[in-house]
Amino acid sequence: MSTTIVGGGNMGEALLAGLSSSDVTVVEQSSSRASYLSSRYGVPVSELEPAVSKADTVFLVVKPYHVAALLDSIAGHVRPGQLIVSAVGGTPTGSIEARLPGAPAVVRSMPNLPVSVGAGTIAISGGRHATSEDLDRVRAMLAPLGRVVEVAESQLDAVTALSGGGPAYFALLAEAMIDAGVLAGLPRPLAEELVLATAAGAGRMLGSPDADPAALRAAVCSPGGTTITAIHELESRALRASVMAAVVAARDRSIEMGR
Ligand SMILES: NC(=O)C1=CN([C@@H]2O[C@H](COP(=O)(O)OP(=O)(O)OC[C@H]3O[C@@H](n4cnc5c(N)ncnc54)[C@H](OP(=O)(O)O)[C@@H]3O)[C@@H](O)[C@H]2O)C=CC1
Ligand SMILES: O=C(O)[C@@H]1CCC=N1
């Protein structure tokens, strides 16, 4: 089964890293970026039309404002039996189907960057013409990249806001904690080492099948101790309400982008 990834930016590269053992071709309009991907992953880089024509599965991984022009370019080269898997944010399957001929099998997906290390979260949803076999095919292809969940397309804007953008929120917290360590008097390299190792350790615990975030937090908070003092400061600055407002704003932005 051959796969073509169109768009070799941040997410295209992450998918490529995860899928690199398969038969993958990349299409990337920036020549310097294309050379980098080809030498880093040992994959062929091709022109758009032949790469789309020959592929069993075509991944669309361009920015939302590039997708209409891209679909118009490939419309004459897609064929029945091919699967079109979109990772394009805020772009409904209906608007992809409308720009392609026939009854294209379109699957909308929302991956996140940890797919590059096999620890991604990928939500998928089938369009009007995607069969359950098509979804099984996508699920099997993406399984090595992380956790794959099937959702209703109406849930994908919220999924985009939550797990699609999620790695950025954790990274922002890590950055803030490193600065906090510096403010508390630690040298920056030591603060970085401690924060990144703590994030990896907490991530492993939260990744276990019976993980319970509230129980982990409670287990760290000694009565009258240092951690509950820190948590009180965070809660008095409305950390939870801020996170909720941020995710809902991101969901609304995804909906707006799809209009
Ligand atoms: N980054 C992330 O964590 C996630 C991203 N996504 C989605 O993935 C998509 C891509 O995001 P991201 O990788 O961050 O964006 P990037 O801008 O990093 O990558 C997109 C790449 O596609 C190239 N490109 C644009 N049009 C074409 C074309 N017609 N043919 C070939 N290459 C093309 C761009 O070139 P140029 O720079 O010259 O325009 C760019 O290199 C977005 O729709 C985003 O919503 C989804 C989940 C998570
Ligand atoms: O920020 C974005 O629009 C994309 C979608 C999810 C992650 N990155």
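Around ligand 2, the shell consists of Gly-89, Thr-160, Gly-164 and Gly-165. By class, these are 4 polar residues, with no nonpolar and no charged ones. The model examined here is a predicted one, so a friendly word of orientation is in order: every position discussed below belongs to that prediction.Ligand 1 has a shell of 27 residues, and those that come nearest are Gly-7, Gly-9, Asn-10, Met-11 and Gly-89. Gly-89 is thus a name to remember, appearing in the list for ligand 1 and again in the list for ligand 2. Sorted by class, the surroundings of ligand 1 comprise 13 nonpolar, 11 polar and 3 charged residues. Helix α1 (residues 10-19) supplies the largest share of this shell, with 3 residues.

Turning to the sheet, 7 strands are arranged in the order β2-β1-β3-β4-β5-β6-β7, forming an open sheet with mixed pairing. At its edges stand β2 (23-27) and β7 (146-150), each of which pairs on one side only. From one strand to the next, the twist averages 25 degrees. As a reminder, strands of a sheet pair through backbone hydrogen bonds, either parallel or antiparallel.

Strand β3 (residues 57-60) is a good place to look at the pairing in detail. On one of its sides stands strand β1 (residues 2-6), which runs parallel to β3 and is joined to it by 4 bridges; here Thr-4 lies opposite Val-58. Strand β4 (residues 83-86) is also parallel to β3 and is likewise linked to it by 4 bridges, with Phe-59 facing Val-85 across the pair. Between β3 and β4 the chain passes through helix α4 (residues 67-74), and this β-α-β crossover is right-handed.

The side chains of β3 can be followed in the structure too. Thr-57 and Phe-59 point one way, while Val-58 and Leu-60 point the other way. Which of these residues are buried? All of them are, whichever way they point.

The pattern of parallel pairing carries on from β4 to strand β5 (residues 105-110), again over 4 bridges. Val-85 has Val-107 as its bridge partner in β5, in addition to standing opposite Phe-59 of β3.

Finally, a helix can be traced over this part of the sheet. Helix α6 (residues 132-142) lies across β3, β4, β5, β6 (120-126) and β7. Relative to β6, helix α6 runs at about 170 degrees.

Methods: Residues are numbered from 1 along each chain as its sequence is written. Chains are lettered from A and ligands numbered from 1 in the order in which they are written. This is a predicted model: local features need pLDDT of at least 70, side-chain atom pairs count only at pLDDT 80 or more; totals for chains, interfaces and linings use all residues. A residue is buried if 20 or more other C-beta atoms lie within 10 Å of its own, exposed if 12 or fewer, and partly exposed in between; C-beta atoms are placed from the backbone. Helices (H or I, at least four residues) and strands (E, at least two) are DSSP runs, numbered from the N terminus. Two strands pair if DSSP finds at least two bridges between them. A crossover is right-handed if, with the strands pointing away from the viewer, the path from the first strand over the helix to the second runs clockwise. A residue is near a molecule or strand if its C-beta atom, placed from the backbone, lies within 6 Å of it. Ala, Val, Leu, Ile, Met, Phe, Trp, Tyr, Cys and Pro count as nonpolar, Asp, Glu, Lys and Arg as charged, and the others, Gly among them, as polar. Axes are lines fitted to C-alpha atoms, for helices over the stretch in contact, and angles run from 0 to 180 degrees between N-to-C directions. Two residues are in contact if their C-beta atoms, placed from the backbone, lie within 7 Å.
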